[in-house]
Amino acid sequence: DLGAWVDCEVFTGPVDALQRDGGMVTVTANSIDDLAAVTLRKPFTRPRKAKATEVVRDLLRHVGARSLRIPHLDATLPRAVTVVTTVKDGPDKGKERDKGPRKLQLKRSDHAWAVASRITEGVGRVLLPDGAGVISFRSRPEKACLTIDRRVLVAPPTIRQATSGGPNVWEVVGANPKGPKKAPRAVVALPKWHPNSREKNAWNGVPGEERQIVQNQHYKTQAACRAEAVRRRDAALARMVEVSVQMIPVCPWLRPLDVISVAGVGRVRANKFTLPLSDGAMTVGAIARPRAR
């Protein structure tokens, strides 16, 4: 409907490989996060109560990132990434030692992007770069940002059923409250009809359980723990159906996790797409959650 060409950056990152075979040139280009997947130049330490967004921002700047779109959130470092307890070596060295404050302490052998992604996931967000090279700290979108109808489709959508291993039960544990109360927790499992469910993987009547336990100090209630467990369960359900769409290249601004509405399929979540460098169709790969039977 625009009636004109639109210039849009779809790639900003390192060229990993370049190969020429006659008139054919093959270029392998990675996204900007590949530059952040390096080890630290010097040790990196932050207290446990430091704001998670500030730590992620400092960590990425430590390895050279400058284009960041990371908001200021009150969430502190998740307990899952605070793994070091300092120890005071006093006169009682060799006996029972006094424990100091816990903190995030990274060595020069740690990779910046991996740690930053783990911190981001611990506060319920996703760390993603866009085509212009800006790294953003975003939540998982739930509203469709694009409708792909028959006007732009060049072929019917391809739907493939896919089954894979991995967890079939998710247990999320929240923060330990003060006093005798126990930490909130919630357990969610794949439905019985799923090929990877514990019922389908039973052996001699004993359910085959592959449990993933997630601890997050930011969850204060059982409802918050259950919402996170359901989100992880739904993500596993979504991976069961893969959708491929060939269309006229009209949306180079798509990002992973964006929700799109596809004619004849419904709402799906984009996870990759390709753009032609000459005349041709744009291909969008997505995942959809199957309907329960």
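A residue counts as buried here when its relative accessible area is under 20%. In this predicted model, that cut-off applies to Ala112, Trp113, Val115, Ala116, Ile119, Thr120 and Gly122, which are the buried residues of helix 3, a run spanning residues 112-122. Beyond helix 3 comes Gly124, whose phi is positive, near 80°.

Taken as a whole, the protein chain holds 4 helices and 17 strands, and 35% of its 293 residues count as buried. The chain exposes about 18300 Å², of which carbon and sulfur atoms supply 50%. Among contacts in the protein chain with a separation of 6 or more, 62% are accounted for by residues 24 or more positions apart.

One open sheet can be described in closer detail. Its 3 strands follow the order 12-11-13, and their pairing is mixed. Because strand 12 and strand 13 each have a single partner strand, both stand at the edges, and one side of each is left without a neighbour in the sheet. Neighbouring strands of this sheet are turned by 15° against each other on average, direction ignored. In general, the strands of a sheet pair through backbone hydrogen bonds, either parallel or antiparallel. Strand 11 and strand 12 run antiparallel and are joined by 5 bridges, with Val169 standing opposite Ala189 of strand 12.

The residue ranges of these strands are set out below.

| Strand | Residues |
|---|---|
| Strand 11 | residues 169-173 |
| Strand 12 | residues 185-189 |
| Strand 13 | residues 211-215 |

Terms used:
Residues numbered from 1 in each chain as written. Predicted model: local features only at pLDDT ≥ 70, side-chain atom pairs only at ≥ 80, totals over all residues. Heavy atoms only, no water. Pairing = 2+ DSSP bridges. Helix = DSSP H or I, 4+ residues; strand = E, 2+ residues; numbered from the N terminus. Axes fitted to C-alpha atoms, helices over the stretch in contact; angles between N-to-C directions. Buried < 20%, exposed > 50% of the residue type's maximum accessible area, 1.4 Å probe, protein only. Contact = heavy atoms within 4.5 Å. Areas by Shrake-Rupley, 256 points an atom, 1.4 Å probe, with all protein chains shown as cover.
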